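Me: I would like a close look at a single part of this model, taken slowly and in connected prose.

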Amino acid sequence: MKAKNAINAEFYESVRIECLKALEAFSSPKPKYTSVIVDEAQDFDETKFKLIRALAGPEHKNDLFITGDTRQELYLEKPPILSHCGINIKGRSFRLRINYRTTEEIRAFAANILKGMKLGDMDGGSIDQPDEEGDARCISLRHGEVPLIEFCPFYDQQVRKLVELIGNLQNQKVPDLSICVVAYTKHSVKEIAKAMRRAKISVVNLGNATNKSNDPEISGVRVATMHRIKGLDFKYVLVVDANPSLFSKSVSSTETEIDEKEARERRAYYVAMTRAQQGLCVLGVTPQKNTSE
């Protein structure tokens with residue numbers, strides 16, 4: 001039996017294909033819409049872009065406005081090429097270079113995890129990545145504290161450090177809903193939430209669809225996976241169960257030279273860390289080497 005998410009994905013894909021066929025058969029000389037605006041385009045596949053092209057009709061002035069950040073692409077197996085979808089961006093694209101969400105220290109720290117990776121420009125090309133001197137082409141307008149990164153020898157020590165950091169923020173009168181604890185997997189989120197509750201910290205799981213987890217009136221430190229936190233902002237983000245290898249080794253010169261699973265994981269970490277507006281902390285557990293006499 002196929003997983004529920006896989007079945008839903010197939011269903012929605014078939015709906016998009018049928019909508020595309022219907023629009024392409026539409027014979028009116030005028031398009032259905034004068035202009036179409038697209039956000040988070042890095043997660044759109046080829047069928048979606050062809051559907052957007054059909055909605056706007058034949059190319060005309062101000063027909064499409066598309067924004068996307070391929071550094072935050074988490075879902076696509078094969079990124080589309082816009083020119084293959086009837087969307088011409090050659091000589092018409094522009095890279096946004098000012099970060100309004102995070103501090104410069106957080107932006108630079110997060111960008112470092114992508115250093116050396118080949119990231120697409122949504123039309124078959126690639127965008128420049130930070131070099132050893134940093135990414136002088138992109139800046140944040142605010143400054144703050146350098147992100148904290150700490151890897152502990154044992155899981156319990158990581159939990160104690162997390163509880164300490166949350167306690168410090170609460171003592172500074174930072175509202176719980178302005179703090180989010182993030183992990184890569186649902187299992188890690190579940191386990192860290194249990195540990196936080198044992199430490200008497202109120203927890204709201206953003207991945208729990210049965211409660212009103214997005215309600216700002218509900219008090220509690222937010223916990224979420226890196227995929228769930230996408231699109232959200234918090235004053236403070238604390239990443240837990242971080243993979244030490246992602247922060248200790250250099251990335252190969254192109255993304256094709258590293259495992260695609262690792263490339264996707266690095267992009268997820270980038271998404272999570274750039275959700276932080278004011279403060280960022282990365283915690284993890286260093287694998288213990290086996291010793292023998």
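Which residues lie nearest the centre of the second largest pocket, and how many residues line the second largest pocket?

Reply: This is a predicted model, and what follows about its second largest pocket should be read with that in mind. The second largest pocket is lined by 24 residues, and those that lie nearest its centre are P79, K118, L119, G120 and G125. Two elements give two or more residues to this lining, namely strand 4, which runs over 119-120, and helix 7, which spans 260-273. Of these, helix 7 provides the largest share of the lining of the second largest pocket, with three residues. Sorted by class, the lining of the second largest pocket comprises nine nonpolar, six polar and nine charged residues, and the volume of the second largest pocket comes to about 490 Å³.

For context, the largest pocket has a volume of about 1,600 Å³. Its lining is made up of 46 residues, with T67, G68, F94, R95 and L96 lying nearest the centre of the largest pocket. The elements that contribute two or more residues to that lining are strand 2 (64-66), strand 3 (98-103), helix 3 (104-112) and strand 5 (126-127). Strand 3 supplies the largest share of the lining of the largest pocket, four residues, and by class this lining holds 15 nonpolar, 13 polar and 18 charged residues.

Technical notes: Residues numbered from 1 in each chain as written. Predicted model: local features only at pLDDT ≥ 70, side-chain atom pairs only at ≥ 80, totals over all residues. Heavy atoms only, no water. 1 Å grid on protein atoms, 1.4 Å probe; cavity = no way out; pocket = protein on both sides within 12 Å on 5 of 7 lines; lining within 4 Å. Points joined across faces, edges and corners; volume = space filled by probe spheres on them. Nonpolar A, V, L, I, M, F, W, Y, C, P; charged D, E, K, R; others polar.
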